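Here's a quick briefing on the model below. Have a look at the fold before reading on.

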Amino acid sequence: MSLKIEDIQNIKIDFLTISDYQELKEAMISSYKTMPNSYWKEPHILSLIEKFPEGQVVIKVNGKISGCALSLIIDYDKFEINHTYRDITGNYTFDTHTYDGDILYGIDVFVHPDFRGLRLGRRLYDYRKELCEKLNLKGILFGGRIPNYHKYADTLSPKEYIKKVKLREIHDQVLNFQLSNDFQPMKILKGYLEGDTVSKEFAVLLRWDNIYYEKPSRRAVRTKTVIRLGLVQWQMRPYKNIEELMEQVTYFVDSLSGYKSDFALFPEFFNAPLMAAYNHLSEADAIRKLAEHTKEIVQEFSNLSISYNINIITGSMPELIDEKLYNVGYLCRRDGSTERFEKIHVTPDEERIWGLKGGSNFKTFKTDCGKIGILICYDVEFPELSRLLADEGMDILFVPFLTDTQSGFSRVRHCAQARAIENECFVAIAGSVGNLPNVHNMDIQYAQSMVLTPCDFPFPTNGIKSEATPNTEMILISDVDVDLLTELHNHGSVKNLKDRRKDLYHLQKVSDSIK
């Protein structure tokens, strides 16, 4: 029975251990029903773990093995291009593995049928790619099965079959998945895997090239850490219900995930259009009705972060706790975990019209892309908050905002720029555009989303990495290299963090001073 996304609490990739074997065996049997008795025996798994532990990984959902990837490093020059699976594995001894090799060769990858549709296979392939880059190997090779070929073997050659799959005239789930993950067909291998009757023992030699590969030398090699940010400049428009709202959200998440973004940032109060249904109420009562939807929306965001393998910063939404109304948001990580953040400083208008209260908790958040900070709109205009986050190791500050006038936007934009310079970090700001004439206190919006940087030689001279078109619905995608921040911290023209006169002044959280 397939697992529902809303039932997922945690997804993680672990190194395979021999204690996993019995559960792994059961997963293999379920995954290879067309190839009975094709599962790896325990001595095989033990040998792989002993020879190349970092090449053998499992992906676990809620602690249960849901997929696996097994690999070797080989010296590809020692093999003929028309090799077989038995050749590559050294007759299943895996003695072909060598750390002196130049190719990461995939010998198995599968996802349990109950967990398919969650894009777990992509995570396993991404792990292999990261391992290949880390080990500075030329690329990844493997013989890809074509399990639907037996249906067309009487009328099509393997070459014709592959051509039709690439043209989408024939659907082959396995080959389509491999092609969508940037693997390119190199050659058709005949008699590749004994017993693979559905593929007629044919396989496609697929390759992924490591563009960061450098020929080994005595010179120290340093791998850059590049993070792709996706910002949503959201158009305020009427929505009949949450389903319509989340349909638009899903569209943007899908688009950003398609460009392999690591983060998706939504604006402050992006769900405000839903208040139109409560326009007969006072502004304070209407936003409290809106708060009733927050829990459901957060769960939907968490589902999307898992399904599309992207960390999502939900922007912000109203939340009612003990009869007090707060402006909050959630970090929905792609491993299934979520964390809450609060707006610390509310504007006079938010307090007077909506009765919002300022929160009291702020901190950095650990992600698979390093430490980040999140401040909602007005909070970025208080430099103390971001400085405290910088002291906790923040590399990227995300700022979901909502401003109605150009002057309001300018305050957020210029303060965000200052935060990037003084804290030697990247700052991403995302806001909403358009009009909501049927929602009180939300009539107009003005925004220009952007990614801001410090101002020094490794960065743009004006401190703007990328910027959206003002007042236009769109997504903004930008790569940031956090290794450049390390260079700035240590070798910058000025060193704002290191050059502080701590002998004269210091900044500290009240909670820390009480301890």
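The protein's secondary structure adds up to 14 helices and 23 strands (DSSP runs numbered from the N terminus: H or I of at least four residues for helices, E of at least two for strands). With a radius of gyration of 26 Å, close to the 24 Å from the globule rule for 515 residues, it is as compact as a globular protein of that length (C-alpha atoms are used, and the rule is 2.2 Å times the number of residues to the power 0.38). This is a predicted model, where local features need pLDDT of at least 70, side-chain atom pairs count only at pLDDT 80 or more, and totals for chains, interfaces and linings use all residues. Residues are numbered from 1 along each chain as its sequence is written, and side-chain values use heavy atoms, with hydrogens and water left out.

**Overall build**
- Along the principal axes, the C-alpha atoms fill a box of roughly 75 × 55 × 45 Å.
- Buried residues make up 53% of the 515 (buried is under 20% relative accessible area, with a 1.4 Å probe and protein chains only).
- Of the contacts between residues at least 6 apart in sequence, 71% join residues at least 24 apart (contact is heavy atoms within 4.5 Å).

**Cores**
- The largest nonpolar core has 68 residues, and Leu24, Tyr105 and Ile107 touch the most other members (a core is a set of buried Ala, Val, Leu, Ile, Met, Phe, Trp, Tyr and Cys residues joined through side-chain atoms within 4.5 Å).
- Strand β3, residues 64–74, gives the most to this core, with seven residues.
- A second, separate core of 53 residues includes Ile227, Val412, Ala420 and Ile429.

**Around Tyr105**
- Beyond its neighbours within four places in sequence, Tyr105 is in contact with residues including Leu70, Leu72, His83, Phe142 and Tyr192.

Note on methods
Buried means under 20% relative accessible area, exposed over 50%, partly exposed in between (1.4 Å probe, protein chains only).
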